Every structure is written in C-alpha cells, then in structure tokens.
Amino acid sequence: MAATIIGTSTNLAFGIASAQTGMVIKSISSSASADAVELKNKGGDVTAVVFRNKKVTHSVAGAFTTFSGSVGATITVANGSSFDLTGAAYVTEVSRNRSADNFEEVSFTAVRYDGIS
C-alpha cells in the first residue's frame with residue numbers, strides 16, 4: 001500500500017522507490033569515499049589535498065526471489081545513489097540466510113569505482 005506524506009516539503013522520500021531484481025528489497029544504503037593525500041608545509045599545515053580512488057559502496061538486503069548476482073559481476077543497484085560518480089557497480093559480497101520462521105533473505109554489497117565500467 002502506498003504511503004501518503006503529510007507536510008509542507010515536496011522533497012521528502014519515504015520507503016524504497018524501485019524494485020531490485022531478484023529480491024523484495026528491505027533496505028539499502030550507499031556511501032561515498034575516497035583516499036586523501038595531503039601536502040603539508042614545514043609547520044605541519046595542510047596546503048594542498050588530492051582526493052583519489054573515489055568509490056561508492058552499496059549494501060542491499062531483502063527477501064530472496066530469484067537473485068542470481070555473483071562476486072565480480074556488474075549489477076544495477078536500484079535506488080542506489082551514484083554520488084555523481086560514473087562507472088559500473090561490481091558485486092563484492094553476496095550472502096543468503098534461511099531460518100525456520102522467516103523468509104529466505106539475500107544481501108549483497110557492490111562497489112562503484114569512479115570511471116571504471
């Protein structure tokens with residue numbers, strides 16, 4: 001059932017907008033990071049900085065339906081923010097969990113490396 005947002009802001013997001021292939025998505029998180037190389041002067045103050053090896057890491061979890069992603073494969077991450085990086089997302093980890101009193105779950109981590117497709 002669709003949720004109704006009551007309030008004055010039109011930029012609010014509630015829930016997960018798009019389906020992820022092979023699962024009923026329960027949660028997703030995306031985080032951007034980079035290595036920083038600092039240049040310091042003789043007093044130890046930072047005078048310049050370079051950011052390199054930019055990447056976005058996506059963590060997705062949900063109920064398994066037909067998910068078939070494998071480590072090293074490219075994947076389209078529904079709802080994942082690219083943080084303005086270009087390139088493909090590569091699966092780095094996949095796990096499945098079964099229990100007697102719950103639906104089978106699947107989760108994966110994928111990393112988008114800037115400029116690599």
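Strands are here runs of at least two residues assigned E by DSSP, numbered from the N terminus. In the predicted model, the protein contains zero helices and five strands, and the succession of elements from the N terminus is accordingly written β-β-β-β-β. Strand β2 covers residues 46-64, and H58, a residue to which the description returns below, is found in this strand.

The five strands make up an open sheet in which the order is β1-β2-β5-β4-β3 and the pairing is antiparallel. The edges of this sheet are formed by β1 (23-40) and β3 (74-75), each of which pairs on one side only. At one edge, β1 and β2 run antiparallel and are joined by 16 bridges, with S33 standing opposite K55 in β2. These two strands form a hairpin that leaves five residues between them, and G44, located in the turn, has a positive phi of about 90°.

Towards the other edge, β4 (residues 89-97) pairs with β5 (residues 105-113) in the antiparallel sense over eight bridges. Within the sheet, E93 is placed opposite T109 in β5, while Y90 is placed opposite V111 in β5. The antiparallel pairing of β3 with β4 extends over two bridges, and here T74 stands opposite Y90 in β4. Y90 thus has T74 opposite it as well as V111 of β5.

With regard to overall dimensions, the radius of gyration of the protein is 19 Å, whereas a compact globule of 117 residues would have a value near 13 Å. The C-alpha trace spans about 60 × 45 × 25 Å along its principal axes. Buried residues account for 21% of the 117 residues, and the protein exposes about 8,200 Å², of which 52% is supplied by carbon and sulfur atoms. Among contacts with a separation of 6 or more, 60% are between residues 24 or more positions apart.

A search of the whole structure for aromatic pairs returns one. This pair consists of F67 and F108, whose ring centres lie 5.2 Å apart and whose planes are at 10°, so that the arrangement is classed as stacked, the cut-off for that class being planes under 30 degrees apart. Because F67 belongs to the loop between β2 and β3 and F108 to strand β5, the pair ties together parts of the chain that are 41 residues apart in sequence. Both F67 and F108 are buried.

The surroundings of H58 bring several of these elements together in the description. The relative accessibility of H58 is 0%, and the residue therefore counts as buried, for which a value under 20% is required. Its side chain makes a polar contact with the side chain of S30, at 2.8 Å. When neighbours within four places in sequence are left aside, the residues in contact with H58 are S29, S30, V77, G80, S81, F108, T109, A110 and R112. This list includes F108, the β5 member of the stacked pair with F67, and also T109, the residue of β5 that stands opposite E93. S30, the partner of H58 in the polar contact, is likewise one of the residues listed as being in contact with H58.

Conventions:
Residues are numbered from 1 along each chain as its sequence is written. This is a predicted model: local features need pLDDT of at least 70, side-chain atom pairs count only at pLDDT 80 or more; totals for chains, interfaces and linings use all residues. Side-chain values use heavy atoms; hydrogens and water are left out. Helices (H or I, at least four residues) and strands (E, at least two) are DSSP runs, numbered from the N terminus. Buried means under 20% relative accessible area, exposed over 50%, partly exposed in between (1.4 Å probe, protein chains only). A polar contact is a pair of N or O atoms within 3.5 Å; within protein, one must be able to donate a hydrogen and the other to accept it, and residues adjacent in sequence count only if both atoms are side-chain atoms. Contact means heavy atoms within 4.5 Å. Two strands pair if DSSP finds at least two bridges between them. The radius of gyration is taken over C-alpha atoms; the globule rule is 2.2 Å times the number of residues to the power 0.38. Accessible areas come from the Shrake-Rupley method with a 1.4 Å probe; for residues, only the protein chains shown count as cover. Rings of Phe, Tyr and Trp (its six-membered ring) pair if their centres lie within 6.5 Å; planes under 30 degrees apart count as stacked, over 60 as edge-to-face and the rest as tilted.
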